[in-house]
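Student: I should like to take a close look at one part of this model, namely the place where its ligands are held. Could you take me through it step by step, and explain each term as it arises?

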Amino acid sequence: YEAKKQKNTFCIYSEDLKNSQTEYLEIEHELHNALAKNEIYMVYQPQINADGTLHGVEALVRWNNKKLGMVHPDKFIPIAEENGMIVELSRFIISKSAEDIYEVQRLLDIDFQLSINLSVRHLFSENFLENTLKDIKVFDGEYGLITFEITERLFIKDINHVLPLLNILKEKGFQISLDDFGTGYSSLGILRTLPINEIKIDKSFVDEMIHEHDARVLSKSIIKIGQDLSMKILAEGVETAEQLELLKFQNCEIFQGYYFSKPLDHMSLIAFLQKGISSAIPFYRFG
Ligand code: C2E
Ligand code: MG
Ligand code: MG
Ligand code: MG
């Protein structure tokens, strides 16, 4: 029985490995034509201030493939990073979201932040700055309205290369946000090394803080430290009124999560914002 069990375990393991290799190759193959086939599109998730006004939106990429269905960005972004397709993909992400959000801002006559996730391989690519300025030219030099989100996990090995690039972005007037803060490799030292305007407290804290004292203490400390360093603090993955109240009590200033809205396509975003603008207490649908 033991031998059989072991053999089965081995079989299952190698099947899994084979499946994941097949999946990788399939994703990579389909990704090559995804842009040309218009399978890639952007959605935008609202970010709400503590007073209920709109802070901005985060641009999130989506891929709907005929054969594979919806493929999560967590799956295809790392593959695109590995094979270099991320550069073309990121340029599409930046120009498309800049065009969409510029149009929304003009239509509704409001200004708000556009937050874009930056991939490290793209950041290091040739002519990154020139290309990016080209890709966001609709913003006509109003770079302060664009926030680039970076994750520490991705550049911890390469801080000496990232720093000058981030400094250039900062000098141009762009905002820089540290995504997924509090996970993995986060260290406090990074907060004084890098030109950071905003910290995004990771969803894992927001999930655990209701029940776990330690998570609560850590989120409170992150908020305090960030504010003492004049940074904005945004909590991500806020799903309940209870989480929102606790975060507000801890002085957190900006919130993003399903409690307010899921990521929305271009038209749904316009509808969401129009509803918020016309209501007495903007963007608090349940609160
Ligand atoms: P992220 O930048 O930390 O994005 C937040 C993720 O949490 C998004 O997943 C969002 O849909 C999800 N989320 C937001 N609020 C809630 C909530 O209340 N509950 C739950 N359960 N989830 C929530 P998504 O869109 O699947 O993206 C996953 C990751 O993929 C992103 O994490 C980011 O690292 C990467 N990614 C997404 N879009 C882009 C992009 O355009 N460019 C790059 N380079 N990376 C991207
Ligand atoms: Mg992000
Ligand atoms: Mg995040
Ligand atoms: Mg994430």
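**From a helix to the ligand site**

Tutor: Pro164 counts as partly exposed because its relative accessibility is 41%; the word buried is kept for values under 20%, exposed for those over 50%, and partly exposed for those in between, with a 1.4 Å probe and protein chains only. The model is a predicted one, in which local features need pLDDT of at least 70 and side-chain atom pairs pLDDT 80 or more, while totals for chains, interfaces and linings use all residues; side-chain values rest on heavy atoms, without hydrogens or water. Residues are numbered from 1 along each chain as its sequence is written, chains are lettered from A, and ligands are numbered from 1 in the order in which they are written.

Pro164 belongs to helix H7. Helices (H or I, at least four residues) and strands (E, at least two) are DSSP runs, numbered from the N terminus. Helix H7 covers residues 159-172 and also contains Asn167, which is partly exposed because its relative accessible area is 29%. From Pro164 to Pro195 the C-alpha distance is 9.8 Å, with their positions 31 residues apart in sequence. Asn167 and Leu89 are 78 residues apart along the chain, and their C-alpha atoms are separated by 24 Å.

Let us now turn to the metals. The magnesium ion (ligand 2) has four coordinating residues, Glu58 (OE), Asn117 (OD1), Glu149 (OE) and Asp179 (OD), at 2.0 to 2.2 Å. Donors are N, O and S atoms within 2.8 Å of the metal (3.2 Å for Na, K and Ca), and sites may look incomplete because water is not among the atoms. Along the sequence, the donor residues of this ion have the spacing E-x58-N-x31-E-x29-D. Two of them link distant parts of the chain: Glu58 lies in strand S2 (residues 54-65) and Asn117 in strand S4 (residues 113-117), 59 residues apart. Glu58 is described as buried because its relative accessible area is 5%, whereas Asn117 is partly exposed, at 30%.

The magnesium ion (ligand 3) is coordinated at 2.1 to 2.5 Å by Asp179 (OD), Asp180 (OD) and, listed twice, Glu236 (OE). The spacing of its donors along the chain is D-D-x55-E. Which residue connects the two metals? Asp179 bridges the magnesium ion (ligand 2) and the magnesium ion (ligand 3), and the two ions are 4.1 Å apart. With a relative accessibility of 9%, Asp179 is buried.

Its neighbour in sequence, Asp180, lies in strand S6. Asp180 is not a glycine, yet its phi is positive, at about 55°. Most residues other than glycine have a negative phi. Asp140 likewise has a positive phi, of about 50°, although it is not a glycine. Asp140 sits in the loop between helix H5 (128-135) and strand S5 (146-151), and it is exposed because its relative accessibility is 68%.

Asp180 also leads us to ligand 1. A side-chain N or O atom of Asp180 is 3.1 Å from an oxygen atom of ligand 1; a polar contact is a pair of N or O atoms within 3.5 Å, and within protein one must be able to donate a hydrogen and the other to accept it, while residues adjacent in sequence count only if both atoms are side-chain atoms. The side chain of Asp74 has a polar atom 3.4 Å from an oxygen atom of ligand 1. In Val61 a backbone N or O atom is 3.1 Å from a nitrogen atom of the ligand. On its own, ligand 1 has 800 Å² of accessible area, of which the protein covers 84%; such areas come from the Shrake-Rupley method with a 1.4 Å probe, and for residues only the protein chains shown count as cover.

How many residues surround ligand 1? There are 22, and the closest are Arg62, Asn117, Asp179, Glu239 and Tyr258; a residue is near a molecule or strand if one of its heavy atoms lies within 4 Å of it. Strand S2, helix H2 (73-83) and strand S6 (175-181) each contribute at least two residues to this shell. The largest share, four residues, is that of S2.

Finally, consider the loop between S4 and helix H4 (120-123), where Ser119 is found. Ser119 counts as buried because its relative accessibility is 7%. Its side chain makes a polar contact of 2.7 Å with the side chain of Glu81.
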